[in-house]
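Me: I would like to go through this model piece by piece. Please keep the replies short.

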Amino acid sequence: MFKPIARTATRALTLRSVAATRTTSFVRPLSHTAALSKKDDPTKDPLLAATNKAPEGASGEHEGQFARTDQSVHIEYPPDHEMPAQPVAQGRGGMHFKRTLAQFSLEKKVSIVTGGARGLGLVMGQGLVASGSDLAIIDLNKDEADTAAASLVEQFRKENPGLEDMPNVTAHYADVANPDSVNNALAEVLSKHGQIDNLVTSAGFTENFDAINYPFERMQKLWGVNVDGTYLFATGVAKHLMERKASGSIVMIGSMSGAIVNVPQPQAPYNAAKAAVRHLAASLAVEWAGHDIRVNCISPGYMLTALTRKILDENPQLRDHWTSLIPAGKMGTPEDLMGAVTFLLSDASKYITGADLRVDGGYTVT
Ligand SMILES: NC(=O)c1ccc[n+]([C@@H]2O[C@H](COP(=O)([O-])OP(=O)(O)OC[C@H]3O[C@@H](n4cnc5c(N)ncnc54)[C@H](O)[C@@H]3O)[C@@H](O)[C@H]2O)c1
C-alpha cells in the first residue's frame, strides 16, 4: 500500500518541478553536442571515421569488408584419409527410370502455364510434362505456343522411346490482363482437357526505366500483365477447383526483385509488381487453404533465357555487374526451375502454402 502512494507522490513532485523548469527563461539543454562538434574532423575521431560523415577511405583498409568476400579465408580440400564417408546417392541408375519419391509425380493432372510459349514458362511446362502432367500452354503469341506444344511432345517422344501414352499438350491464346480473354481461355482449356488441377503464372515482363520518366501507360501495362494477369488466372482456376470440389496447386512466378532492389538498372514498377505477386500468393494461400488449394510463389533470380541472353550480349558490362553480385557466381538457367515448380505443384509439398521459394543462386541472402 505504502509504496504505490510514495511513488505517486514522488512522480507528482517531479512533474511539478519539470513544469516549473519549462516556464523559466533559461533552460539547460538536456544534452549538448559540443563534444561532438569539437571532434567533427573524421580523420581525428576513429568513430566518426567509421560513419558516413567520413570521406571515402577514412575508415581504413577494412572499409566495406563485411559487404565483400574476404580473400584471407582459406579452407583446404581435405586429404583423402580425412574425408568423411559419403552415403550413396539413390535413383541415378538409368537414363529414364530414376527412382524417386512417387509424391513428386504429376500423373493424371492437368496443368496450365501462362506465358508458356517461351522462356521460363516453356521450360517449366516441359518439366511438368516430364513429371507426368498434361499441359495447356497459354500465351499472347498463339503461333509460338502452337510450335512450343508440338516440340514439347516431340521432345518427350525422343526421351521416352517405346512409350505409347503421349502427354496431351495444347496451346491457347489469352491476354492475361484481360478478364474476358482469360475466361475464354479457361473455357477452351476445359473443353480440351476436362479439368484443371494446377496453374503456373509465368506471363510477365520487365522494363528498365527511371521512375520519373516511365510513361504511365507502359507502367499500367506492366502491372496489368504481371499483377492483374496473375490475379485473374488464379481466381479463375480456383473458382473451377471449388466448383469441382477438387484440390489444386498454384505457383505464381514472382522475382527476387519483389524482395530486393536490383542494381544498377532502375525498375521500380517491376519490383513493386513482383512484391505484389509474392504477397498475393500468401494472401490467397490463406483465403483458399480451407478448399485445399495451395498457392505458392517462386522468385527467380537472374535467369539466362533467350531474351536475357540477347540483352546481356548487347550489354556485357551489365552481365559482369550482375554475376559479381550472385554468390553462386553465375546466372541460373530455365532448367533450374523445373524441379522447383514440380515440387510446389506436387504432393511432395502438400503442407507448403503461402511460401516464397527463391531460386536465385543466393542473391537475396547477401
Ligand atoms: N528471365 C529472368 O531472369 C526472370 C527473373 C525473375 C523473374 N522472371 C519472371 O518470369 C516470368 C517469365 O519471364 P521470361 O524471362 O520467361 O520472359 P519471356 O519474355 O521469355 O516469356 C514471357 C512469355 O509471356 C508471354 N506474355 C507476355 N505478355 C502476355 C500477356 N499479356 N498475356 C499472355 N502472355 C503474355 C510472352 O508472349 C512470352 O511467351 C516473368 O513473370 C518474369 O517477370 C524472369
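The questions below take up the ligand shell, the core, a strand pair and one loop residue.

Reply: This is a predicted model: local features need pLDDT of at least 70, side-chain atom pairs count only at pLDDT 80 or more, and totals for chains, interfaces and linings use all residues. Residues are numbered from 1 along each chain as its sequence is written.

Me: Which helix gives the most to the shell around the ligand?
Reply: A residue is near the ligand if its C-beta atom, placed from the backbone, lies within 6 Å of it. The ligand is surrounded by 29 residues, with Gly115, Arg118, Gly119, Gly204 and Ser255 the closest. Helices are DSSP runs of H or I with at least four residues, strands are E runs of at least two, and both are numbered from the N terminus. At least two shell residues each come from α7 (216-244), α9 (306-314) and α4 (119-130), and the most, three residues, come from α4.

Me: How many residues of the shell around the ligand are charged?
Reply: Asp, Glu, Lys and Arg count as charged; Ala, Val, Leu, Ile, Met, Phe, Trp, Tyr, Cys and Pro as nonpolar; the others, Gly among them, as polar. The shell has 14 nonpolar and twelve polar residues, and its charged residues number three.

Me: Where does the largest share of the largest nonpolar core come from?
Reply: A nonpolar core joins buried Ala, Val, Leu, Ile, Met, Phe, Trp, Tyr and Cys residues through C-beta atoms within 7 Å. Buried means 20 or more other C-beta atoms within 10 Å of the residue's own, all placed from the backbone. This core has 64 residues, and Ile112, Ile137, Ala234, Val237 and Val341 touch the most other members. Its largest share, nine residues, comes from α7.

Me: What is the bridge partner of Leu135 in β3?
Reply: Strands pair if DSSP finds at least two bridges between them. β2 (134-139) and β3 (169-173) are parallel, with five bridges. In β3, Leu135 is bridged to Val169.

Me: Is Asn262 buried or exposed?
Reply: Asn262 sits in the loop between β5 (248-253) and α8 (268-288). Beyond its neighbours within four places in sequence, Asn262 contacts Ser257 and Gln267, a contact being two C-beta atoms, placed from the backbone, within 7 Å. Because 20 other C-beta atoms lie within 10 Å, Asn262 is buried.

Me: How far apart in space are Asn262 and Trp322, C-alpha to C-alpha?
Reply: In sequence, Asn262 and Trp322 are 60 residues apart. In space, the C-alpha to C-alpha distance is 8.9 Å.

Note on methods. Buried ≥ 20, exposed ≤ 12 C-beta atoms within 10 Å, placed from the backbone.
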